[in-house]
Amino acid sequence: MDQLRDTIREFIVSHYLPGESPDNLRNDTPLVSSGILDSLGALGLVSFISEQFGVELDVYDTSVEHFDRIEDIAQSIERKQVRQ
Amino acid sequence: MIARYLPDYLESSAAEYPDKVAVFDPSGRTITYGLLNQQADALAGFLCARGVKRGDRVGVVLPKSIEAVVALFGILKAGAAYVPVDYSAPAKRGQRILGDCRVRAVVIDGRCGEMIPPADEPGMALSTIITVDLPTHQGSSGRAGATTLAAVFEAKLAPPRHPRSRSDLAYILYTSGSTGMPKGVMLTHENALSFVDWCSDVFEPSAADRFSSHAPFHFDLSILDIYLCVKHAAELHLLSEELGKNPKELAEFIAARQLTIWYSTPSILTLLVQFGHLDKYDYQRLRLVLFAGEVFPVKHLRTVQRQWPGATFYNLYGPTETNVCTFARIPANIPDARDAPYPIGHLCEHCHAMVLDNDHVEVPRGNEGLLYISGNSVFSGYWNRPADTANAFVVRRGARWYNTGDVVRWDPQDGFVYIGRNDRMVKRRGYRIELGEIERALYLHPNLREAAVVSVADGGMVLEIIAFLSCQDGEKPSIIELKTFCKAKLPAYMSPDRFVVLDRLPRTSTDKVDYQTLNSLVPPSITVSARA
């Protein structure tokens, strides 16, 4: 059970993939490079993460290399939570 | 100064202020007016030596950079017209645009080679490929038969001395086309000069100004940024595409660069208000905020205005085909009670307007009708589309009048008030989108049988695009697969937000897709803070 990844998944599916089965959005499914998240979608997700987890993602965390998969995003959040 | 040609602006600023910085690129690199002019001359000389002639088209596929600005001026100085293409759009789309206008040369980011049309395409006369290695992403090009821009500068060939005319083609901007193929709006030097000179009169820029360059060069907002700035020997601050979408960084950038003139779509200003933490920075130098491209919901406009009390705000209106043709100055301190969007306002000096009904009959003053524009800023036609060009105009009183497709009403105090559209063109983030173009792209999917696209406006601005689909027997594609498919076929701003799969699409008695029924099937909107 990985609540962090599931919370992110649920948000993305309900806001940007309505109608999709959450099982199809895996932790390694590309998000930005596949077109699931556009620039506005990415902003929406960053604000959700800030509200939900109290973690502010910076430019480094939101570059495509670190923001393209649920796994990468979750790791950025976990890193920041440890530091707080 | 009376300019006869867009590069005259650069030549006169370079003569007067050779050592003044002209352009700041996104990473902070700069170029002076003197050097910008020299490099543009060298590019013009090279293009002419390679056989580029007056009236030829030259593609520009580059991210926002000093090199891109050099490319635009170099191409214009060669007497050719530039065709800016979104380097981040799907390669196929870029290739079709460059192929459609039969480019003679391209100046291209080494990473975008797939956009170069195949040489064996009928009618293609592509003779020259100039690649650019931007300092920010090195080591990419090295294409056989291509020349680097650096080598072009070293060759220092003298620019040509052609005869010039204000009616020469200056650039072609491609906009969404309902048939699935983007259409090229041809604009002449005269079209741009008349608009830029009007801007000088109204906005009174000086060499002390610092202009933002937020819009990409394939978007018509860039015309004001580049040419008005260069005309007045001011500083042009280029924003990268990535920075332009990141409100936090953007808020800091505007303050740190001490920009004095900002021009963008309302969407970007709205994001700045919502996510930019504008209260953290000092915007004392900002004196002018211009917006265009879509309706600005008053609640957001009011918030921006309160954050930037020293700035004067203007709403500029005009399709790519006419350039800006009406404008409205927004009063200081927008009252709390106001919720109606501000009007598109009064005619610019370089334009004339009339309001006609669907039968091309002038409506009584104050009634709703379609806005038609004539004047020096109105385009010459769509590239290689005589039928579309003919359909876009009516002839009255010896002049050609362009049908904007926008429904307006005249008000003696407000000027023109925008009502809406009566066709299938919509605007998102300031971009024009023909819903038919999205449908054409969806029909390319092997598993889809039918596709129909509708849009939902919310508060006059935020727009959701919803695709209704039916599938071939068997495989039903997942939403993720559809998103990925659209990403490969369409620019990001055209990709549908939602997909709804039906057994079959509703049809009218004449077997046409029944859009009215589809509109009633639109599922309730999802609230996303970023889209609110």
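**Chain B: confidence, domains and one helix pair**

Chain B has an average pLDDT (the predictor's confidence in each residue, from 0 to 100) of 92, and 95% of the residues score at least 70. This is a predicted model, in which local features need pLDDT of at least 70 and side-chain atom pairs count only at pLDDT 80 or more, while totals for chains, interfaces and linings use all residues. Residues are numbered from 1 along each chain as its sequence is written.

Q: What makes α10(B) roughly perpendicular to α11(B)?
A: The axes, which are lines fitted to C-alpha atoms over the stretch in contact, with angles from 0 to 180 degrees between N-to-C directions, cross at roughly 65° and come within 9 Å. Angles of 65 to 115 degrees count as roughly perpendicular, so α10(B) is called roughly perpendicular to α11(B).

Q: Which residues make the contact of α10(B) with α11(B)?
A: Contact means heavy atoms within 4.5 Å. From α10(B) come Leu269(B), Thr270(B), Val273(B) and Gln274(B), and from α11(B) come His300(B), Thr303(B) and Val304(B).

Q: How many residues of each class does the contact of α10(B) with α11(B) have?
A: There are three nonpolar, four polar and no charged residues. Val and Leu count as nonpolar, Asp, Glu, Lys and Arg as charged.

Q: What are the domains of chain B, and what separates their centres?
A: Domain bounds come from an automatic or database domain assignment, which gives domain 1 (9-272 + 287-309) and domain 2 (439-520) of chain B. Their centres, taken over C-alpha atoms, are 33 Å apart. Twelve residues from domain 1 of chain B and eleven residues from domain 2 of chain B enter the contact.

Technical notes
Chains lettered and ligands numbered in written order. Heavy atoms only, no water. Helix = DSSP H or I, 4+ residues; strand = E, 2+ residues; numbered from the N terminus. Parallel < 35°, antiparallel > 145°, perpendicular 65-115°, else oblique.
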